[in-house]
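Visitor: I have a few short questions about this protein. Can we look at it together?

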Amino acid sequence: MPGLVMWGGFRKGDIVAVQGRRGEWELMSHTPAPGVWRIEAARPKDRAPAEARTVELRALADAPQVRRGDLVVQNFPEQVLAGTVGHVYRLGRWVAEAAHTGADGHTWGLVDDVERLVVVTHEQLDAAVQLDVEAGAHRGRIIQAVVTRHAGKFRVTCRCSPTIDLCRAGRATAWCSSVEAAWSLWDWHTTGEVGPAPADFASPETTA
Ligand SMILES: [Zn+2]
């Protein structure tokens, strides 16, 4: 796997200082010459392609943890859209441009603080449950969180709920520990929310 080869502790996508050059630089790729990198200035435009030798590179104390090509989601449990990281640069703090593609195929770019992004895999995203559900006039979804402390748990939404999310009591989202518990909550909702919401004993912490 040539893409993972490290030279002198550095790897493709790292942002570093380069001896004798101003500013911060992204390691774009190896050149055919051993130990020589193709680099670009770490900024959104005018990226000034150049080359640098591994011995000239200096790690940054606060280097961003997100690299070009990473698949990322924003770190909140409702997030189901992932993007692919492009340029990473300082805008006060480290930010990353990420390209997103919607279900309908249209694409857009977002710039996010890297602290708000979590690197995920296609497998993680593909494994997350996302179901469209309907019953009578109710239209909703059962969605499994990919990141945050709710990762792996399920929330249930319905268009008729004031907060979109279904709740067991109060206005806090009811996080379900299993897809079965999510279906029970959905059924309770669509049959008129008669009596207390179905308990989810496997998940004592059901509110956020
Ligand atoms: Zn509803």
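The questions and answers below go through a predicted model.

Visitor: Which protein atoms are the donors of the zinc ion, and how far from it do they lie?
Guide: Two histidines and two cysteines supply them: His 138 through ND1, Cys 158 and Cys 160 through SG, and His 189 through NE2. Their distances from the zinc ion run from 2.0 to 2.3 Å.

Visitor: What is the geometry of the zinc site?
Guide: There are four donor atoms, and the angles among them are 96 to 117°. To count as tetrahedral, all angles must lie between 85 and 135 degrees. The site of the zinc ion is therefore tetrahedral.

Visitor: What spacing do the zinc donors follow along the chain, and which elements hold Cys 158 and His 189?
Guide: The spacing is H-x19-C-x1-C-x28-H. Cys 158 and His 189 are 31 residues apart, so to speak of one pair is to link distant parts of the chain. Cys 158 belongs to strand β13 (residues 154-158), and His 189 to helix α2 (residues 179-190).

Visitor: Are Cys 158 and His 189 buried or exposed?
Guide: Buried means under 20% relative accessible area. Cys 158 meets that, and so does His 189: both are buried.

Visitor: What should α2 span, and how far apart are its end C-alpha atoms?
Guide: α2 has 12 residues. At 1.5 Å a residue, the expected span is 16 Å. The end C-alpha atoms agree with this, at 16 Å.

Visitor: Where on α2 do its buried residues fall?
Guide: The buried residues are Ala 181, Ala 182, Leu 185, Trp 186, Trp 188 and His 189. Seen down the axis of α2, they fall within an arc of 160°, so they line one face of the helix. In an α-helix there are 3.6 residues a turn, so residues three or four places apart point the same way. The answer is one face of α2.

Visitor: Which strands do the buried residues of α2 pack against?
Guide: Three strands meet them. They are β11 (130-135), β12 (138-144) and β13.

Visitor: Which residue just after α2 takes a positive phi?
Guide: The phi there is about 105°. The residue is Gly 192.

Visitor: How many bridges join β2 to β3, and in which sense do the strands run?
Guide: β3 covers residues 36-41. In it, Glu 40 is the bridge partner of Glu 26, and Trp 37 stands opposite His 30. The hairpin of β2 and β3 has five residues between the strands, and Gly 35 takes a positive phi near 80° there. The count is five bridges, and the sense is antiparallel.

Visitor: Which residue in β4 is the bridge partner of Trp 37?
Guide: β3 and β4 (residues 50-53) pair in the antiparallel sense over four bridges. The partner of Trp 37 in β4 is Ala 52.

Visitor: Why is β3 described as largely enclosed?
Guide: β3 has six residues. Five of them are buried, so the rest of the structure largely encloses this strand.

Visitor: Which residues is Thr 148 in contact with, leaving aside its neighbours within four places in sequence?
Guide: Thr 148 is found in the loop between β12 and β13. At 25% relative accessibility, Thr 148 counts as partly exposed. Its C-alpha atom is separated by 9.7 Å from that of Gln 74, 74 residues apart along the chain. The contacts are Asn 75, Phe 76 and Pro 77.

Technical notes: Residues numbered from 1 in each chain as written. Predicted model: local features only at pLDDT ≥ 70, side-chain atom pairs only at ≥ 80, totals over all residues. Heavy atoms only, no water. Pairing = 2+ DSSP bridges. Helix = DSSP H or I, 4+ residues; strand = E, 2+ residues; numbered from the N terminus. Donors = N, O, S within 2.8 Å, 3.2 Å for Na, K, Ca; no water. Tetrahedral: all angles 85-135°; square planar, octahedral: opposite > 155°, others 65-115°. Buried < 20%, exposed > 50% of the residue type's maximum accessible area, 1.4 Å probe, protein only. Expected span 1.5 Å × (residues − 1). Arc of directions from axis to C-beta. Contact = heavy atoms within 4.5 Å.
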